[in-house]
Amino acid sequence: MFGYVKVGAAVPRLRLADCTYNKEQIVAMAKDASAKGVRVLTFPELCITGYTCADLFMQRSLLVATEKAVKAIAEETADLDLFFVIGAPVPLDSQAFNCAVAIYKGEILGLVPKTHLPNYSEFAEERWFSSADDILVDHIHYAGQDVPIGSDLLFAAAGIPDLKIGIEICEDLWVPIPPSSYQALYGATLLLNLSASNELSGKAAYRRRMVAQHSASCMASYVYVSCGIGESTQDAVFSGHSMICENGELFAETDRFSQENQLVYADIDLDILTNERRRHTTFLSHLQKAEMHRIYRLIHFDMEETELLENWNRPLPAAPFHPAADEVDEQCKDIFSIQTAGLARRMEHTHSESLVIGISGGLDSTLALLVCVKACDFLGIDRSHVLGVTMPGFGTTDRTYQNALTLMKSLGITMKEIPIRDAVTQHFKDIEHDMSLHNVTYENAQARERTQILMDLANKYNGLVVGTGDLSELALGWATYNGDHMSMYGVNGGIPKTLIRVLVNWVATNGEVDAEASAALLDVLDTPISPELLPPDASGKINQKTEDLVGPYELHDFFLYHILHNAYRPAKVLWLAEKAFASEYDRETLLKWLKNFYRRFFIQQFKRSCLPDGPKVGPISLSPRGDWRMPTDAFSRVWMDEVEKL
């Protein structure tokens, strides 16, 4: 359902060369995994016998016992709706191969031999096994079934679109171009590795990085399973270190050196993987080279999608744009550096002598102001080159006004105050607008008056008007066309509202500003988001709260991420939102604001089609020169029809 498939890694207790005991452990773990909803499961390399059997692999008795165990495993799991892979030594044509055995509902779908055999240090596999490259046939009669064999097998679930499975074994991953790289290029979205990787000091961290990075370069999910401590003998110690990664992110990992059976699982997202591959048009570029061409046999099995998503296990942050807790410092520094370098470069290129910015005391202009002073510091010029202009209007409250003044003063910039009430009143007279009618004309006239002032000041002082609008506002079109929508460089255009809060809080609490400025920044964070274009209430407080009108920004940023970055359909976005915000919003509220997002996103494209330049800082940009190219007059019917049915 929704492109999710639960995959697992199983590390059974093992006795070396005891095929009967190992068979029992494998069957028990397969049944346990299936009961937990796992659809694809991977066991370690040579788990029927154990990896460290050494010259026992030359004993016919062990090879016969292995084949009997494989047959019994297939028969005893025939009622499970589970695709799983086990490791076994397989004799064939006067050779033996280290194989992965793929099984589904009692059928042995295929045998995939190991291609790259380590024969260095503590490894001596070439003593017992041959490479997949040495196979002379493409089918084998094994465990009572006629089975395809070869490293050219891919497995596809007939009823689950985009679930195509590639298999490799241990050392195959450690070579410069692993077999799984080719498998991914030819469509495999899920890569399985049966491994027997012994432990060395520091090796676990290296292994973790390698698996995560390979899943990223292949734009795939990768399940890596290594054998447990039962393999430990003589000079080698094994820990059972296994993990599940998707597109560079670690989802699940076993404990190392456990004495018990271990099962970890996670729900992979086929939609994300296929969307990433479509988006990155260089993904298949290698196939243009003749040496990259491969021919794979596609083995189909009749697994269907399930509507049950119980025990759903996958990271789902409610704030997808937020950095992880241990990465806040690093990412905030990166974002400020990107904004600062972009603005400084534009200032240098245009030979501008000043940066002109409207300061409202709100969240967005506060971040933009911080970027401006950092740009001056970066260029080695005095902060007085920043001209901060506060322009009190009909809706300005004392709280935001005082915060604006405090920040400008404490940051050491040039300050200017230009009230706009008289100018806008005259404008209303000129266009014959009734000032008591607080409609869009009343609001936008103020926004455009402010922009005109900033533009003219920039001309006067040979400066750049620095835009303050953010990514969330651009998605919703919550900006006055040719008002705050326009600038000479928009430093916040690539940053969503929820991330702006993180950045401002980081500056307020990391000692970069003095106590007075820190207090003002924290108060800005505590102030309701508002354009302050309507008069305050009777007590002088903000009377126009943006989130009451367009919806909570935490929801819209969630929608924005999953609709644009992941290309999810409306039903999937709503389903995820119900999970992420279960304790905060009911389904009716989520659906209300999801409809509003789609409606506004389509009808407001004309504002995004003529955005000023601004730096891209994260995974999403709405610049018409960057990530997002959309017809201004596109209809939303396909999406709204689906939303209306939810």
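User: Which residues does serine 130 touch, not counting residues up to four places away in sequence?

Analyst: When residues up to four places away in sequence are set aside, and contact is taken as heavy atoms within 4.5 Å, serine 130 touches a set of five that is named at the end of this answer. This is a predicted model, in which local features need pLDDT of at least 70, side-chain atom pairs count only at pLDDT 80 or more, and totals for chains, interfaces and linings use all residues. Residues are numbered from 1 along each chain as its sequence is written, and side-chain values use heavy atoms, with hydrogens and water left out. The residues touched by serine 130 are Gln95, Ala96, Phe97, Lys114 and Leu117.

User: Is serine 130 buried or exposed?

Analyst: Serine 130 lies in the loop between β5 (107–113) and β6 (139–142), where strands are DSSP runs of E of at least two residues and helices are runs of H or I of at least four, numbered from the N terminus. Buried means under 20% relative accessible area, exposed over 50% and partly exposed in between, with a 1.4 Å probe and protein chains only. Because its relative accessible area is 16%, serine 130 counts as buried.

User: Which residue's side chain makes a polar contact with the side chain of serine 130?

Analyst: A polar contact is a pair of N or O atoms within 3.5 Å; within protein, one must be able to donate a hydrogen and the other to accept it, and residues adjacent in sequence count only if both atoms are side-chain atoms. For the side chain of serine 130, at 2.9 Å, the partner is the side chain of glutamine 95.

User: What is the relative accessible area of valine 466?

Analyst: Valine 466 is found in strand β19 (residues 463–467), and among the residues that it touches are Leu343, Leu355 and Tyr489. Valine 466 is buried, because its relative accessible area is 3%.

User: Which helix gives the largest share of the largest nonpolar core?

Analyst: A nonpolar core is a set of buried Ala, Val, Leu, Ile, Met, Phe, Trp, Tyr and Cys residues joined through side-chain atoms within 4.5 Å. The largest one has 92 residues, and those with the most contacts inside it are Leu343, Leu355, Leu369 and Phe559. Its largest share, ten residues, comes from helix α7 (residues 363–379).

User: How many residues are in the second, separate core?

Analyst: This second core is separate and includes Ala10, Ile48, Phe57 and Leu82. Its number of residues is 51.

User: What percentage of the residues of the protein chain count as buried?

Analyst: The protein chain has 19 helices and 20 strands. Of its 646 residues, the share that counts as buried is 57%.
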